[in-house]
Amino acid sequence: MPTISVDKAALLKALEKEYTTEEFDELCFEFGLELDEDTSQSTKPEDLAQPAQLKIEIPANRYDMLCYEGIAMNLRVFLQKEKLPKWTLTAPASGELETLTIKEETMQIRPLCSGVIFRNIKFTKERYDSFIALQDKLHQNLARQRTLVSIGTHDLDTIKGPFTYEALPPEQIEFIPLNQTQTMNGKQLMEFYEKDRNLGKYLSIIRDSPVYPVIFDSNRTVLSLPPIINSNHSKITLDTKNVLIEITALDKTKLEIVNHVLVAMFGGYAESIEPLRVISPHNNESRDTPDLSPREMQAEVDYINQVTGLALSPAEISSLLERMGHTVTGSNTDSNLLDVSVPISRADVLHQADIMEDVAIAYGFNKLPRVYPNKTAAVAAPLPINKLADIVRVESAAAGWTEVMPLILCSHEENFEWLNRKDNGGTAVRLANPKTAEYQIVRTSLLPGLLKTINSNRHQPVPIKVFEVSDVGFIDLTKERKSRNERHFAAAIMGKTSGFEQVHGLLDRIMLMLRSAFITREDGLKNEQLEGYWIEEVDDDTFLKGHSAAIKVNIGGKHHTIGVFGILHPSVLKCFDLGYPISTVEINLEVFL
Amino acid sequence: MAGGTRGPVPVPLQAQDRNLTQEVLDLLDTKSPLQTSDDFSAISQRDIKAALDRLASRSMVEFVTNDAEEAVLTKEAETIVADGSHEFRVWAAVKDAGKIPIKELAKVVGAESAKVGQGNAFKHKWIKKDGDSLVLVANEVKDTTRELLQEVQETKSLSDAKALTDLKKRKLVTLTKVITYTVTKGPKYAKEMPVEVTDLTSDMLVGDAWKTTNFKPYNFNALGASQDAGALHPLNKVRQEFRNIFFNQGFVEMPTGHFVDSGFWNFDALFVPQQHPARDMQDTFFISDPPKADKPRADPETEAQLNAMEAGSKRLFASSETIETKPRDYEKYWKDVQAVHQEGAFGSIGYRYPWSEDECLRLVLRTHTTAVSTWVLHRLAENPRPARYFSIDRVFRNESVDATHLAEFHQVEGVIADFGLTLGGLMKFLEDFFAKMGLENLRFKPAYNPYTEPSMEIFGYHKGLKRWLEIGNSGMFRPEMLEPMGLPKDLRVYGFGLSLERPTMMKYGVDNIRELLGHKSDLRWIREQPAVRLEKD
């Protein structure tokens, strides 16, 4: 969630009340914001050096509150200090709109563009800083680091329409970038900003494209190279009177949202908001932008009342919705249906569910009647594998072993090489983008986690006896998700001697609890009907030669090999940096379901 | 003396092979009270105390502890007592020689005395300078320092407190604390330790020997024998408490047995747009192998498992009415999910972006168990009815690891579906749910979550910390999530969730999540954590 810092004195003045920190925190809470910090209560020198700030966390979908203007406006409306403004477009006196023509070549790289003009805007230092900061927040959040949308702002009095939005090879684009003194072409610009802390991360959006997007005025003066940087020529200052905003994008919905948010937040500082005529015949995107007409939606009175548990009249709902910026224009067709005008600033409203929530917020979540209907009884049921696992867990602990909970993710070598196991491919689920090398795969065995836990507890007296009952994962191409989990039980003992008979004894105990009788291998192989488990020597590189055994069970006439136990091979101990002998057992519990 | 020993334990060797216990008894026979400082001055305080404790625990002696300060001479002071103070030594040397060149003084009395003693002897007007030499002034002198130190040596104290402080400052005397004991006979005094046995044995039961046996007193100030116990992990103990709460409320556990899920179940079906930050490489683990999921399709195995689990409620709620189930149409579900994102549908304008099938079929490590709730709710559409489901299982986030974040944690999640549910009903349910954990007075904050509307963060007042804490998230699932599943419009669904780690860390006072989950947990810590009673602790 984005956090916005606003000047405390200015905001409280706008809200026409000297809120204490607690009162303002309460207001935020009710409205769905979170007051992170009031720096007037801080003792840090950097906070004391500047006027008190309120740091407010904004829900991720409220793009209309990413700056001081939006927070003040929405809270004022919520507190009924004003009604949400209605933004309208005004054509210039001449009647001639500024135009921007989109060339078809832009389809190759960034096809969409729209814009707006603020006439006679009055900037102050605070407004100007907020204007820049809002663009930055929009670029970070909604625009996904400028990939989907980017904004360029220009002093209209330094340039001359009509404007064109084109896509040209980088070498053919030459201009002085913002706050620089040297002319450079598109290619040089990429090199120049390669190491730049702010802009470097955006270069990859267009770098390898044969053409770069660029906006020109009628004198072929470059306005900007979206989504990287504007030109120095047209930059806005505190004295700028007329601002041209151009917005380029890959995503049309987000393009319009950004335009709407800029208008709703800063249009109020301008004498008039003037449309920009976009000419884009090749993709049928010719239009005057932005469209400032509110969105008409319908909401059912019954639905709102049912979900909130209230019995509000349409008039009551209307006045609650007004506090959230909506206008109810009445209901002509059906008294159950409200026609709601959703303002341009509220891109988060998608469905009548959002309108219903706004009613609930304006009413106060915490004032809603808290009644739970006693209508339905229900019958509980545990997941069978969890019930089975709990039996094994409780019995293992009762036998004197300590439960541990290592991580599911591990490195490839811990899971394979260190255990002398080979990855034949197609076994372990591999991660594409882990932040650390510690996490490469989903474990296929519980042993690495047990051994790492013992390693972390080397300072404790031996014997150390640990167990885990949890899931491992395998690739399984027959499944929809191409993988499956398997519930395993594993235990390990480290001591002065191997502890082989200890893990064997624990296995016997668990099998006894699971109603699986011990039988000899000979009997097990001879008699298909004889249910139970037996063990037989097996060659397994994880273990010391001659000291490992496979665990076999016969359940309902079917034979399964469910696991193996033995004395770990000294080379395994070396990899996990363990100085005493260890014996382990690991079995798959799924067959006992 | 079968089965017994004289005295409680073999006499420790450290006490110079002496049986102190017996010596104390012997001496008390003739001298009571006795002073350990005088009568056992060569024995260390620790040894004499051990012997007295043994006797006192049997009421054979009684003793009082005396704390005293003792003045002790330093090495330098001991030489002063033996040879006189530095100034005295200088005076004596000058007296002997009549006249000593200053340069020669150190040779005669030593460097230390020459340095310190010369000045003092001047000050006392015992000697004076005569050109380059020292000559006598006083014929007789009184060496006060030596006399004071002699008194200290004899009495271990000094009557003149000011002088004592002065000597301490001059590093000639140190003060040490001395503990001594005044010992008298106790009510069960005897000249010998009685024969005692440490424990009741089967032999004693045979011949009634136990009746006359003198049992050694038990030390009630020590712990009993270590139990070599096994233990369940604290996190799983808290998990069990949560499961019990859910079972008591009639919840059915969800089949969470797959860490890997598709973008479809983890995100798209939940109406999380494909450009949502949660779907960034920064937050979600994507899978490189296997490469891609299948489109959603029937899963008969998991289906059968849930059918078996719900057989009980089916039997209980059976009526003569035949219930029509409408089989799920996965292809329609897929198309409807696409439509609700891309064009808008079911009364929603949607997100209006080009929806990508590839993105939807990317495999991820599930970021929440809500992916499983989605599957279960889609199944509910076959026969929409009131239902309650829960799960507690591992989820994964591509986080940078620190004291409060791990790449893995456990999510506790509950889902309640019913007709005509209200938002206040969810609050009421959660009040009851958290009251079982001892958290009263909940407050709810409007919040944003892509798949719930309304969404509420749950805040509880922590009495210990004296502030409101966010303890979970909740909401009612969006129509854009439920209606593509084929659920009827008036069936509403609550969802709520919290992490298992956070309440566990609060209950057990753990600051670092890595000590709780993962291989860095301390085994002794695991074993020593008490049982959890959420409603009490």
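Which residue of S11(A) stands opposite A:Phe216? Let us find out together, and keep in mind that this is a predicted model.

**Exercise 1. Follow the strands around A:Phe216.**

Task: Find the partner of A:Phe216 in S11(A), and then say how S10(A) and S11(A) are connected.

Solution:

Step 1. Start with the two strands. Strand S10 of chain A covers residues 212–216, and strand S11 of chain A covers residues 222–225. They run antiparallel and are joined by 2 bridges.

Step 2. Look across from A:Phe216. The residue standing opposite in S11(A) is A:Val222.

Step 3. Now trace the connection. S10(A) and S11(A) make a hairpin, with 5 residues between them. In the turn sits A:Arg220, whose phi is positive, about 60°.

Step 4. Go on to the next strand. S11(A) also pairs with strand S12 of chain A (residues 229–230), again in the antiparallel sense and over 2 bridges. Here A:Ser224 faces A:Asn230 in S12(A), and a hairpin of 3 residues joins S11(A) to S12(A).

**Exercise 2. Find the partner of A:Arg220.**

Task: With which side chain does A:Arg220 meet in a salt bridge, and which parts of the chain does the pair tie together?

Solution:

Step 1. Recall a general idea: side chains of opposite charge can pair when their charged atoms come close.

Step 2. Check the distance. The side chains of A:Arg220 and A:Glu166 meet at 2.6 Å, N to O. The cut-off for a salt bridge is 4 Å, and the pair counts as a salt bridge.

Step 3. Place both residues. A:Arg220 is in the loop between S10 and S11 of chain A, while A:Glu166 belongs to strand S7 (residues 163–168) of chain A, so the salt bridge ties together parts 54 residues apart in sequence.

Step 4. Compare their surroundings. A:Arg220 is partly exposed, with a relative accessible area of 45%, whereas A:Glu166 is buried at 6%.

**Exercise 3. Cross from one chain to the other.**

Task: Which residues of chain A form salt bridges with B:Arg443 and B:Lys445?

Solution:

Step 1. Take B:Arg443. Its salt bridge is with A:Glu26, and the closest N and O atoms are 2.9 Å apart. B:Arg443 lies in strand S15 (residues 443–449) of chain B and A:Glu26 in helix H2 (residues 21–31) of chain A, so this pair joins two chains.

Step 2. Take B:Lys445. This residue forms a salt bridge with A:Glu34, with 3.7 Å between the closest N and O atoms. The pair also crosses between chains, from strand S15 of chain B to strand S2 (residues 34–38) of chain A.

Step 3. Ask how accessible the four residues are. B:Arg443 is buried at 15% relative accessible area, and B:Lys445 is buried at 2%. On the other side, A:Glu26 is partly exposed at 35%, and A:Glu34 is partly exposed at 22%.

Step 4. Widen the view. The whole structure holds 72 salt bridges over all chains. Some are linked in a network made of A:Asp390, A:Arg393, A:Glu403, B:Arg239, B:Arg243 and B:Glu253.

**Exercise 4. Explore the largest cavity.**

Task: How much space lies in the largest cavity, and which residues that line it are closest to its centre?

Solution:

Step 1. Count first. There are 6 cavities of 30 Å³ or more in the whole structure, and the largest contains about 270 Å³ of space.

Step 2. Look at the lining. It has 21 residues, and those closest to the centre are A:Val469, A:Ser470, B:Asn236, B:Arg239 and B:Asp393.

Step 3. Name the elements. Two or more lining residues come from each of helix H11 (384–398) and strand S23 (464–475) of chain A, and helix H11 (234–248) and strand S13 (387–396) of chain B.

Step 4. Sort the lining by class: 7 residues are nonpolar, 5 polar and 9 charged.

**Exercise 5. Test A:Cys67 for a disulfide.**

Task: Why does A:Cys67 not form a bond with the closest cysteine sulfur?

Solution:

Step 1. Find the closest cysteine sulfur, which belongs to A:Cys28, 15 Å away.

Step 2. Apply the cut-off. A disulfide needs two cysteine sulfur atoms within 2.5 Å, so the sulfur of A:Cys28 is too far for a bond.

Step 3. Check the total: over all chains, the count of disulfides is 0.

Step 4. Add the surroundings. A:Cys67 is buried, with a relative accessible area of 3%, and A:Cys113 is buried at 1%.

Technical notes. Residues numbered from 1 in each chain as written. Chains lettered and ligands numbered in written order. Predicted model: local features only at pLDDT ≥ 70, side-chain atom pairs only at ≥ 80, totals over all residues. Heavy atoms only, no water. 1 Å grid on protein atoms, 1.4 Å probe; cavity = no way out; pocket = protein on both sides within 12 Å on 5 of 7 lines; lining within 4 Å. Points joined across faces, edges and corners; volume = space filled by probe spheres on them. Helix = DSSP H or I, 4+ residues; strand = E, 2+ residues; numbered from the N terminus. Nonpolar A, V, L, I, M, F, W, Y, C, P; charged D, E, K, R; others polar. Buried < 20%, exposed > 50% of the residue type's maximum accessible area, 1.4 Å probe, protein only. Pairing = 2+ DSSP bridges.
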